[in-house]
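User: I am new to this structure and would like a close look at one part of it, the pairing of charged side chains. Please take me through that part slowly and then set it in its surroundings.

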Amino acid sequence: MLLFQQLYVVASRLPPTTFRRLSIYIHAKDIFGFLFLVGQAPNVQSKYLAQTFSKCLSLYTTLIVFIMDMLYMNCSCVIKECFARINENLRNLQHVLVMGEPHLLRRVYHENKNPLLLMELKAIKTRHQQVSDVLYQLNETFGYQIIITSTMTFAEVTFSLYFYILQNIGEKEVNLEKQIWYAYFITAVGYYFVKLSLMAWACETAKNEAAEVGTAIHEVIINTTDKDVKNELQLFSLQVLHRDNTFTAKGLTMDATLLKTIVGSITTYLLILIQFMISLHPCEKGNNTNSKNNTYT
């Protein structure tokens, strides 16, 4: 609950247009994913009651994991928009400083404009601190969930592709009665891969927006000569430097590199499984030949 309370505070400062855009995207992906999983429900029916119950439990677990993953992704999207808003505020501040720089020696500027800019800058710094706290809380709350999702994706995609290869070469028939998916290989691999890709994309873009804050701060520093503003910006820069605004899950970094690592691991283990399968054939053929020779002798 603490996470959602903090998220509500930082998200309440986003403009209505951003909320509408986020709402359309979040509702579209959640509804489509939920309907896709619910559409697999007729496939849980089986001739055996125990198997039907097992498939219902599997589908229910898949739905729960999907809901939790989408909740994590939704929070990531909101955090991304919050960092984007901070970057936009810094760019606006830079524009004001550049336009007002020729008037720095005026008394009106020092008495009126400069305190307002400092107040705005402190407010931006406070918002950045709050968003960073939300990101930290998100990592703490969903750490184990992301590890479970990554492990499930790796295992499901690897073995689905392996069994697909076995079935195509006639080595083994997969019992589809035990699966909850229609068109098992395509839907299972596609579902897990697309879901993890969307989550990695949301975290990667949010991380990039967070990293851009430091660049925006130094651009403002370059474009101003006011000592008070520079001091405040340097404090802001130190704050950004000390906050590790990356999406992590108990040591596992959730970004595009994770997706790349999982794809590489799937390819590696798939090749290892295929090599084991190929190496077993000569052994089986050799055993069959030896048994025939022993029979003749």
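Analyst: Arg21 and Glu81 bring their side chains together in a salt bridge, with 2.9 Å from N to O; the term stands for a side-chain nitrogen of Lys or Arg within 4 Å of a carboxyl oxygen of Asp or Glu. Because Arg21 belongs to helix H2 (residues 16-38) and Glu81 to helix H3, this pair ties together parts that are 60 residues apart in sequence. Helices here are DSSP runs of H or I with at least four residues, strands are runs of E with at least two, and both are numbered from the N terminus. Arg21 is partly exposed, with a relative accessible area of 46%, whereas Glu81 is buried at 11%; buried means under 20% relative accessible area, exposed over 50%, and partly exposed in between, with a 1.4 Å probe and protein chains only.

The model is a predicted one, in which local features need pLDDT of at least 70 and side-chain atom pairs count only at pLDDT 80 or more, while totals for chains, interfaces and linings use all residues. Residues are numbered from 1 along each chain as its sequence is written, and side-chain values use heavy atoms, with hydrogens and water left out.

Side chains of opposite charge can pair when their charged atoms come close. The structure holds ten salt bridges, and another of them joins Asp30 and Lys29, at 2.7 Å from N to O. Lys29 counts as buried, with 10% relative accessibility.

A further salt bridge is formed by Lys195 and Asp69, whose closest N and O atoms are 2.8 Å apart. This pair links distant parts of the chain, since Lys195 sits in helix H6 and Asp69 in helix H3, 126 residues apart. Both Lys195 and Asp69 are buried. Elsewhere, Glu204, Lys207 and Asp255 are joined into one network by salt bridges that share partners.

Asp69 also leads to a neighbour in helix H6 (residues 184-222), namely Met199. Met199 is buried, with a relative accessible area of 1%, and, leaving aside residues up to four places away in sequence, Met199 touches Asp69, Tyr72, Met73, Ile146, Thr149 and Met254, where a contact means heavy atoms within 4.5 Å. Although Met199 and Tyr72 are 127 residues apart along the chain, their C-alpha atoms are separated by 8.1 Å.

Helix H3 (residues 49-100) also contains Phe53, which at 59% relative accessibility counts as exposed. Phe53, Leu57, Tyr60, Ile64, Ile67 and Met68 make a nonpolar surface patch of about 600 Å². Such patches are made of residues with over 30% relative accessible area and no salt bridge, like charges being joined within 9 Å and nonpolar side chains (Val, Leu, Ile, Met, Phe, Trp, Tyr) within 5 Å. The accessible areas come from the Shrake-Rupley method with a 1.4 Å probe, and for residues only the protein chains shown count as cover.

As for the wider setting, the secondary structure comes to eight helices and two strands, following the pattern α-α-α-α-α-α-α-β-β-α along the sequence. Of the 297 residues, 41% count as buried, and among contacts with a separation of 6 or more, 83% are between residues 24 or more positions apart.
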